[in-house]
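Please look through the sequence and the structure below before reading the report that follows.

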Amino acid sequence: MPSATSGRPSPHPRAIQETRDAARTEQTTPAWHDRYALRCGIEATIHQAVTVIVTGLRRARYRGIKKVHPEPVVSAIVVNLIRLDAWWNGHPLQRKRTSHVARPGPTLTT
């Protein structure tokens, strides 16, 4: 049955549900967890390079691959140096997030 917007047949809801169920079943396997652990580590590194450390990784200063290529390389070197420094000095890079509700508020003293 064609959809109202594209004219192409839309997937049947049953097929969508079966696909979702198959994906959820696959997510319970140890092989999927191993692959996801690798992806999680890579995403954490990218997050650190983009947001935690101000390296300007989201925008290039120049145009052209020859000029742009050194920027992410230098950013990766900076991230690695910061991580090495934290490891050598025993300071964790990731602090656990505490919600504003759990944080101690200002105390009233008399």
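Among the contacts in the chain with a separation of 6 or more, 24% are made by residues that lie 24 or more positions apart. The model is a predicted one, and in it buried residues make up 6% of the 110 residues in the chain. The accessible surface of the chain comes to about 10300 Å², and carbon and sulfur atoms hold 60% of that surface.

As for secondary structure, the chain contains 4 helices and 0 strands, so that, read from the N terminus on, its elements follow the order α-α-α-α, where the order rests on helices as runs of at least four residues. Confidence should be kept in mind while reading the model, since the chain averages a pLDDT of 77, with 73% of the residues scoring at least 70. The table sets out the two ends of the range among the elements.

| Confidence | Helix | Residues | Mean pLDDT |
|---|---|---|---|
| Highest | H1 | residues 13–26 | 89 |
| Lowest | H3 | residues 65–68 | 75 |

Which kind of ring contact does the structure hold? There is 1 aromatic pair, formed by Trp32 and Tyr36, whose ring centres are 5.1 Å apart and whose planes meet at 10 degrees, and because planes under 30 degrees apart count as stacked, this pair is stacked. Both residues belong to helix H2 (residues 30–52), where they are 4 residues apart and therefore separated by about one helical turn. Tyr36 has a relative accessible area of 40%, which means that this residue is partly exposed, lying between the limits of 20% for buried and 50% for exposed.

Definitions and conventions. Residues numbered from 1 in each chain as written. Predicted model: local features only at pLDDT ≥ 70, side-chain atom pairs only at ≥ 80, totals over all residues. Heavy atoms only, no water. pLDDT = per-residue confidence, 0-100. Helix = DSSP H or I, 4+ residues; strand = E, 2+ residues; numbered from the N terminus. Buried < 20%, exposed > 50% of the residue type's maximum accessible area, 1.4 Å probe, protein only. Contact = heavy atoms within 4.5 Å. Areas by Shrake-Rupley, 256 points an atom, 1.4 Å probe, with all protein chains shown as cover. Phe/Tyr/Trp six-rings, centres within 6.5 Å; stacked < 30°, edge-to-face > 60°.
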